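Trainee: I should like to work through the sheet and the charged pairs of this protein. Would you take my questions in turn?

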Amino acid sequence: MKKILQILLGPLFTGLASAASAPNKKKVFNSLTKLLRNLNRNPGRRGLVINTDFNLDKFIIFSDHHKGNKDEGDDFAASEKNYLSALEYYFNNKFQYVNLGDSEELWKYKPEEVISKNTRALQSEARFHNQKKFYKTFGNHDLIWKDKFEVQKWFKGIFELPLPIWEGILLRTKTNGKSISVFLTHGHQGDQMSDNNAFSTWLVSHLWRPMQRYLQLNVNTPAKDFNLKDRHNIMMYEWSSFKKNLLLITGHTHKPVFASGLYSDHPNNNIPGINTNSSDRRRKLIPSYFNSGCCCYSDADITGIEIADGKISLVKWHWENNTSEKTVLEEVAFDRLVNDL
């Protein structure tokens with residue numbers, strides 16, 4: 001029966017889902033604008049506003065772990081050692097932790113599988129929450145966490161409840177007397193399946209995702225399709241470039257971006273189609289967009305964005321000489337960044 005349904009329904013469902021996941025500029029712009037407006041006008045409803053000092057407070061931002069059930073299709077399993085080492089370092093060094101979503105892979109696995117197989121990682125995250133230093137947003141792969149009753153059901157006994165999971169977070173700070181906002185969200189805004197009203201959220205969580213798991217459908221998303229990665233990052237950059245005194249940090253595409261690629265021509269950390277080697281073009285770049293990459297690369301590395309000691313950095317944790325080590329891939333002082341905005 002499963003094989004027959006795969007043949008009959010697979011192409012239809014895959015096509016619909018891939019089309020819905022493709023970024024639409026107007027929808028992406030409208031969705032980001034509405035969320036930012038809501039954060040500014042109604043903090044505590046869809047997101048959190050935190051007043052901070054980047055010379056004193058420290059943040060680590062990770063996204064896209066896609067924790068699974070430890071089978072051969074679990075993208076996070078190989079990266080778990082690096083992730084646990086990184087969290088130990090950040091906890092001991094008094095960082096606050098922002099988890100930007102797609103933390104649990106609920107397209108391929110049921111919540112009970114994921115939670116039961118990842119207690120070490122979840123308990124490491126819970127230590128930050130116990131000290132009121134843990135902030136979590138939902139993504140399209142863990143959209144179920146929009147429902148606070150699902151959160152209470154699955155995280156009970158691991159996290160101190162309540163465990164709020166937001167759509168966005170706004171960090172407000174001042175640099176050289178200039179007010180700056182850092183807007184953090186998963187980055188799936190504009191995805192018609194995952195960024196819509198309550199009915200579509202219910203439909204995706206309770207009908208589409210179980211059907212996808214049962215039929216084992218492989219859907220193209222920005223995390224899998226290189227063309228979608230770049231299209232999505234371009235739209236995120238374009239939206240952020242129009243905002244005054246604002247930095248946007250997302251995940252979703254699994255491709256790191258640092259300061260829109262202004263300070264480096266490294267192809268792994270910039271946006272094809274936006275960045276060129278032309279000095280004239282680079283002068284026009286605005287360092288408004290960052291992407292944290294992911295915690296599930298095939299080589300077991302993880303990447304994230306650090307904010308500490310008046311600087312923002314793109315970092316990589318990798319296994320070297322039988323230990324997990326941190327490498328700073330790019331870094332800039334906030335003073336310089338703000339002057340370039």
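Mentor: The discussion below concerns a predicted model, and it takes the sheet before the salt bridges.

Trainee: In what order do the seven strands of the open sheet lie?

Mentor: The pairing in this sheet is mixed. At its edges are β5 (165–166) and β12 (323–333), each of which pairs on one side only. Read from one edge to the other, the order is β5-β4-β3-β2-β10-β11-β12.

Trainee: Which residue in β5 is the bridge partner of lysine 136?

Mentor: Strand β4 covers residues 134–137 and pairs with β5 in the parallel sense, over two bridges. Lysine 136 lies in strand β4. Its bridge partner in β5 is isoleucine 165.

Trainee: Is lysine 136 buried or exposed?

Mentor: The cut-off for a buried residue is a relative accessible area under 20%. Lysine 136 has 2% relative accessibility, so it falls under that limit and counts as buried.

Trainee: With which glutamate does the side chain of lysine 136 meet in a salt bridge?

Mentor: The N to O distance of this pair is 3.3 Å. The glutamate lies in the loop between β3 (96–99) and α4 (111–117), so the salt bridge ties together parts that are 32 residues apart in sequence. The glutamate is itself buried, with a relative accessible area of 0%. The partner of lysine 136 is glutamate 104.

Trainee: Which residues are linked with Glu104 and Lys136 in a network of salt bridges?

Mentor: Glu104 and Lys136 meet in a salt bridge of their own. The network links this pair with two further residues, Lys67 and Glu125.

Trainee: How many residues apart in sequence are the parts tied together by glutamate 88 and arginine 127?

Mentor: The side chains of these two residues meet in a salt bridge at 2.9 Å, N to O. Glutamate 88 belongs to helix α3 (residues 80–92) and arginine 127 to helix α5 (residues 119–130), so the pair ties together parts whose separation in sequence is 39 residues.

Trainee: Where does lysine 316 lie, the residue whose side chain meets aspartate 301 in a salt bridge?

Mentor: The N to O distance between aspartate 301 and lysine 316 is 3.9 Å. Aspartate 301 lies in the loop between β9 (289–291) and β10 (302–308). At 12% relative accessibility aspartate 301 counts as buried, whereas lysine 316 is partly exposed at 24%. Lysine 316 lies in strand β11 (residues 311–320).

Trainee: How many salt bridges does a search of the whole structure find?

Mentor: The pairs discussed above include glutamate 88 with arginine 127 and aspartate 301 with lysine 316. For the whole structure, the search finds 12.

Definitions and conventions. Residues are numbered from 1 along each chain as its sequence is written. This is a predicted model: local features need pLDDT of at least 70, side-chain atom pairs count only at pLDDT 80 or more; totals for chains, interfaces and linings use all residues. Side-chain values use heavy atoms; hydrogens and water are left out. Two strands pair if DSSP finds at least two bridges between them. Helices (H or I, at least four residues) and strands (E, at least two) are DSSP runs, numbered from the N terminus. A salt bridge is a side-chain nitrogen of Lys or Arg within 4 Å of a carboxyl oxygen of Asp or Glu. Buried means under 20% relative accessible area, exposed over 50%, partly exposed in between (1.4 Å probe, protein chains only).
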